[in-house]
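Hi everyone, thanks for coming. I'd like to walk you through one protein today, so let me put it up on the screen.

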Amino acid sequence: MNGARSATAVAHPNIALAKYWGKRAGEGNVPAVPSLSVTLAGMSTTTSVTFDETLVDDELVLGGAMAVGRPKARASELLDRVRAAAGIATRARVVSTNDFPTASGLASSASGFAALALASVRAAGLDWRADEVADLARRSSASAARSVFGGFVELDGGDGATGAARPVAAAHALDMRVLVCVTTEEAKATSSTDGMRATQATSPYWAAWLADAPQSHAAIRAALLAGDFARVGELAERSALAMHACAMAAGIVYFSPATIAALAEVRATRALGLPAYATIDAGPHLKCLVKAGDAAVVRGRLASVPGVLRILEATPGEGARVVTAEAP
Ligand code: 2P0
């Protein structure tokens, strides 16, 4: 094995403005539609990977607790791909921590698999480009491919797509803050993967989503490149509601009363002339998109919504990076 045996990487969650929902048929965990997200600063996953000849099995420590079952199997699947590419069989110890609450509704799988992919590639001594790291991360969790890059990032999807992720615009391209309205401390009832599977299998609106999402993605991309915050926000809110409408028709409901109350407050705020827009992922927490100068006043309004427990404020930030890499 060449190069490092141990590496630590940091990655951040991302929020999709143009949503990914559903998987294309075939291998590789390629999305059924293209998506576009913003990588967030201020919340981090830090993951260390050490390939250790003395281990008989991979070990995964998540937030201080030894992980077993599906979380560990998912990490081992990623490590197996890295071992195959590096031509090694050595097992690894993975230690990962989030500095944000895992029940905050921020996709911890996105920052988690982005950090794991980058740390394992470097620890195995592979000199991969970011797009290759993103391809590895996507196979574990598609949204993780976007967290490999900073700023505004797109992920290909649909027929003929390979699931490539690439940066579209730098973090400062849009004057934007994300207010994450935390509405519960509980883990979500239906995983994204299961929710997508049910939607694809039974939603009467699946074909409509497949037809609409690429247009929505293209329009959001154009509005972003034009620096048009209001248009990005309007289209992002529409993308989220279209995704949820499609999922709801399959019986997959992520909204809680607090989600609806916060959405109503965002719209009431907008009616007063303040540009504020909502997006919602596979959980009940609402994320409000605002301009930096409006963040404090909008935050104050959302904090008084019944069911909103607390609000995290994030800015666009940088992609995954290696913080330490060393030989034994
Ligand atoms: C997104 N979400 O674009 C969408 C919107 C949630 C709602 O990507 O099955 O954890 O591991 O590829 O990436 C969450 O899905 O799903 C997600 P898998 P992932 O951000």
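Let's start with one pair: E154 and R221 form a salt bridge, and their closest N and O atoms sit 2.9 Å apart. Keep in mind that this is a predicted model.

Okay, let's zoom out. The protein splits into domain 1, residues 6–172, and domain 2, residues 173–316. Going by C-alpha atoms, the centres of the two domains are 23 Å apart.

Now, how many salt bridges cross the interface of domain 1 and domain 2? The rule finds two. On top of that, there's a count of twelve residue pairs in polar contact between the domains, with both residues at pLDDT 80 or more.

On the domain 1 side that touches domain 2, strands β2 (14–18), β3 (35–39), β8 (152–155) and β9 (165–169) each supply at least two residues. If you sort that side by class, you get 22 nonpolar, six polar and three charged residues.

As for the contact itself, 31 residues of domain 1 meet 44 residues of domain 2. People often give the size of an interface as the accessible area lost when the parts come together. Here, about 3100 Å² is buried between domain 1 and domain 2, and carbon and sulfur atoms give 71% of that.

One last stop: A278, in strand β11, residues 276–280. Is A278 buried or exposed? A278 counts as buried, because its relative accessibility is 3% and the cut-off for buried is under 20%. Leaving out residues up to four places away in sequence, A278 touches A236, E237, L263, V266, L286 and K287. Y254 is 24 residues away along the chain, and its C-alpha is 15 Å from that of A278.

How values were computed. Residues are numbered from 1 along each chain as its sequence is written. This is a predicted model: local features need pLDDT of at least 70, side-chain atom pairs count only at pLDDT 80 or more; totals for chains, interfaces and linings use all residues. Side-chain values use heavy atoms; hydrogens and water are left out. Domain bounds come from an automatic or database domain assignment. Contact means heavy atoms within 4.5 Å. Buried area is the accessible area (1.4 Å probe) that two parts lose on being put together, summed over both. A salt bridge is a side-chain nitrogen of Lys or Arg within 4 Å of a carboxyl oxygen of Asp or Glu. A polar contact is a pair of N or O atoms within 3.5 Å; within protein, one must be able to donate a hydrogen and the other to accept it, and residues adjacent in sequence count only if both atoms are side-chain atoms. Helices (H or I, at least four residues) and strands (E, at least two) are DSSP runs, numbered from the N terminus. Ala, Val, Leu, Ile, Met, Phe, Trp, Tyr, Cys and Pro count as nonpolar, Asp, Glu, Lys and Arg as charged, and the others, Gly among them, as polar. Buried means under 20% relative accessible area, exposed over 50%, partly exposed in between (1.4 Å probe, protein chains only).
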